[in-house]
Amino acid sequence: MKRRHFISTFSVGMPAFAAGQSPGAASADSPGYDLSRVVSAKRFDGGHCYSHPRAGIVPAAGEGGAPAVVMLMNTLRLTGSDIFENNLVQRTDDLGKTWTEPRECERLAPRRKTIDGEPRWVVPANLWPAWHRSSGALLATGLDVVYTSEWHVAPVRPQHAVYAVYDASGDRWRSARILRMPEGFVRTAAGSTQRYDLPDGTILLPVHYRSGDSDRGDRPKVTVVQCSFDGQTLEYEGHGEDIGIDDDTRGLFEPSLTRFEDTYFMTIRHEQHGFATRSRDGLNFEPIRRWTFDDGTDLGSYNTQAHWVTHSDGLFLVYTRRGAGNDHVFRHRAPLFMAQVDPERLCVLRETEQVIVPERGARLGNFGVTHVSPEETWITVAEWMQPKGAETHGSDGSVFVARIHWENANAAF
C-alpha cells in the first residue's frame with residue numbers, strides 16, 4: 001500500500017488535518033502522492049478579500065525550461081453577495097518558490113454598459129485558465145456578471161459565457177469576449193467549470209444555461225458545448241444533450257468535465273446534493289446520480305463546486321462536505337477534501353479521503369485545479385472571508401496553493 005506524505009511549507013500555523021480528522025489509508029491501486037502547501041498571496045482588510053484563484057501554465061516559459069504558472073483571481077467586495085470588482089493576475093516562474101504581487105488586469109477590468117436603458121457594471125468573473133496545446137495559447141473561460149450602477153446583483157439580468165486569451169509575449173491578458181451561442185441559450189455561464197481539450201484542438205466546454213429569462217420559470221440545466229479555438233477566437237460548433245432536474249430548487253450549475261481512460265466524467269452542482277454522470281463521447285451522458293461514498297452513504301457535498309484531479313493511474317474528486325466538525329462554516333465549504341473515485345461504481349472511496357486545505361472558518365468552495373507537469377498537480381483556493389466573523393477561527397484571506405507531488409509521472413498530462 002502506497003503511503004502519502006504531507007509537507008507543510010506555508011508560514012502561517014495550521015494543523016495538517018481539520019479537527020477530528022486523520023489521514024485516511026490509500027487504496028492499494030491508488031497513485032501515491034506527497035502534498036505541500038504554500039501561500040501565494042493574502043488579503044483581508046474587512047472590506048475585501050480574494051476569490052476564485054485559478055491557474056494555467058505556459059510551457060517552457062519559466063526558469064530553466066519549467067512552465068510559467070499564471071493565476072487569475074477576483075477581488076471580492078464583502079459588503080454584499082458575489083460582488084467581484086476586479087480581475088488580478090499573479091505569476092510564478094520557479095514552480096511556486098516565489099510569486100509576483102497580484103496586479104489588476106486592465107483589459108479585464110469592470111466596464112460600464114447601458115442595458116435596458118440603465119447604466120450597469122459588467123465584470124468577467126469566475127475565470128478558469130488552461131493551456132490549449134493545439135494552438136499554443138493560454139485560454140481562460142468564465143462568465144460575465146452584470147451589476148446595477150450601485151454594484152448590486154439584479155435578480156434577472158443578461159449573462160454570457162466569456163473567454164480571454166493570455167498574451168505571453170506581453171505578459172498580459174487580452175479583453176474578454178463573448179462566446180456566441182445559438183438561439184435558445186439564455187444566461188449561459190462557463191464560470192468555475194473545468195473543460196476538456198481533445199488532441200485535435202476541439203474544446204469540450206461544460207456550461208449551465210436557461211432557455212428563458214425568468215429565474216422562477218426556467219431552471220438552469222447543463223450541457224457540454226463543442227468549440228473550436230484557433231488561438232484567438234473561441235467558436236460554438238455544437239452541443240450535447242441537455243441535463244436538467246425537475247424539482248423545487250434552482251436547478252443545476254457549474255458542471256466540470258474530465259476524461260479518465262476511455263470515459264468522460266462530469267460533476268454537477270445542485271442545492272441539495274452533488275451529482276455525477278459519465279459518457280462515452282463527452283456529449284451524451286447517463287442519468288445523473290448523487291455523489292456517495294462507497295458504502296452508499298451520501299457524500300454530504302451540496303450547493304458548491306466540485307472539480308477533478310485526473311492522473312493516468314487514478315481519478316480523484318476535490319470537494320467540500322458536511323460532517324467534518326465544520327458546522328460553523330458557511331454551507332460547510334471547508335475543509336477542502338480530495339478522494340479517489342471508483343469509475344465503475346461512480347462513488348468516492350472513503351478510505352482515500354484526505355484534507356487538502358484545512359478549514360479556518362472561511363469557506364474554500366471556489367477553487368481550481370491545474371496540471372502543472374507530469375509530476376505535479378496544483379489546487380488553488382482563497383479563504384472567502386464571509387460571513388463576518390470567519391476570521392475568529394484563524395482565517396486571514398490567504399490564497400493557498402496545494403501542490404500534489406505524484407510518486408509516478410502522470411501520463412495523462
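# A guided tour from T377 outward

A polar contact of 3.0 Å links the side chains of T377 and W406. Select these two residues to begin; the model on display is a predicted one. T377 belongs to strand 28. Is T377 buried or exposed? Its relative accessible area is 0%, and T377 therefore counts as buried, the limit for that class being under 20%. Next, display the surroundings of T377. Leaving aside residues up to four places away in sequence, T377 touches V309, V369, T370, H371, V372, A402, R403, I404 and W406.

**The whole chain**

Zoom out and show the protein chain as a cartoon. How many helices and strands are there in the protein chain? The chain has 0 helices and 29 strands. Its C-alpha atoms occupy a box of roughly 60 × 45 × 45 Å along the principal axes. The radius of gyration is 20 Å, which agrees with the value near 22 Å for a compact globule of 413 residues. Colour the residues by accessibility: buried residues account for 60% of the 413. Switch to a surface, and about 16200 Å² is exposed, with carbon and sulfur atoms supplying 46% of that area. As for contacts between residues at least 6 apart in sequence, 59% of them join residues at least 24 apart.

**The largest nonpolar core**

Select V309, L336, M338, V357 and I379. These are the residues with the most contacts inside the largest nonpolar core, which has 21 residues. Which strands each supply at least two residues of this core? They are strand 2 (33–42), strand 23 (314–319), strand 24 (336–342), strand 26 (354–357), strand 27 (367–373), strand 28 (376–382) and strand 29 (398–406). Strand 29 provides the largest share, 4 residues. In soluble globular proteins, nonpolar side chains tend to be buried together.

Centre the view on V357. Not counting residues up to four places away in sequence, V357 touches R37, P335, L336, L364, V381, F400 and A402. Another core lies apart from the largest one; it has 18 residues, and L299, L315, A324 and F337 are among them.

**Strand 2 and strand 29**

Now select residues 33–42, which form strand 2. Strand 2 is mostly covered, with 7 of its 10 residues buried. It pairs with strand 29 in the antiparallel sense, over 9 bridges. To find the register, label D34 and H405: D34 stands opposite H405 in strand 29.

**An open sheet with the order 3-4-5-6**

Move to strands 3, 4, 5 and 6, an open sheet of 4 strands in the order 3-4-5-6 with antiparallel pairing. Which are the edge strands? Strand 3 (48–58) and strand 6 (103–104) hold those places, each pairing on one side only. Inside this sheet, strand 4 (residues 68–77) and strand 5 (residues 83–92) run antiparallel and are joined by 9 bridges. Label M71 to follow the register; Q90 in strand 5 stands opposite M71.

**A hairpin of strand 7 and strand 8**

Select residues 111–115 and residues 118–132, which are strand 7 and strand 8 respectively. These strands run antiparallel, with 5 bridges joining them. They form a hairpin with 2 residues between them, and D116 in the turn has a positive phi of about 55°. On either side of the turn, I115 stands opposite E118 in strand 8.

**A189**

Select A189, in strand 13 (residues 186–189). A189 counts as buried because its relative accessibility is 0%. Its contacts, not counting residues up to four places away in sequence, are with G142, L143, Q159, A161, V207 and H208. For a sense of distance, draw a line from A189 to A339: these residues are 150 apart in sequence, and their C-alpha atoms are 27 Å apart in space.

**An open sheet with the order 18-19-20-21**

The last stop is an open sheet of 4 strands in the order 18-19-20-21, with antiparallel pairing. Strand 18 (252–260) and strand 21 (289–290) are the edge strands, each pairing on one side only. Strand 20 (residues 275–279) pairs with strand 21 in the antiparallel sense over 2 bridges. Select F275 and R290 to see the register: F275 stands opposite R290 in strand 21.

Notes
Residues numbered from 1 in each chain as written. Predicted model: local features only at pLDDT ≥ 70, side-chain atom pairs only at ≥ 80, totals over all residues. Heavy atoms only, no water. Core = buried A, V, L, I, M, F, W, Y, C linked by side-chain atoms within 4.5 Å. Buried < 20%, exposed > 50% of the residue type's maximum accessible area, 1.4 Å probe, protein only. Contact = heavy atoms within 4.5 Å. Pairing = 2+ DSSP bridges. Polar contact = N/O pair within 3.5 Å; in protein donor to acceptor, adjacent residues only side chain to side chain. Rg over C-alpha atoms; globule rule 2.2 N^0.38 Å. Areas by Shrake-Rupley, 256 points an atom, 1.4 Å probe, with all protein chains shown as cover.
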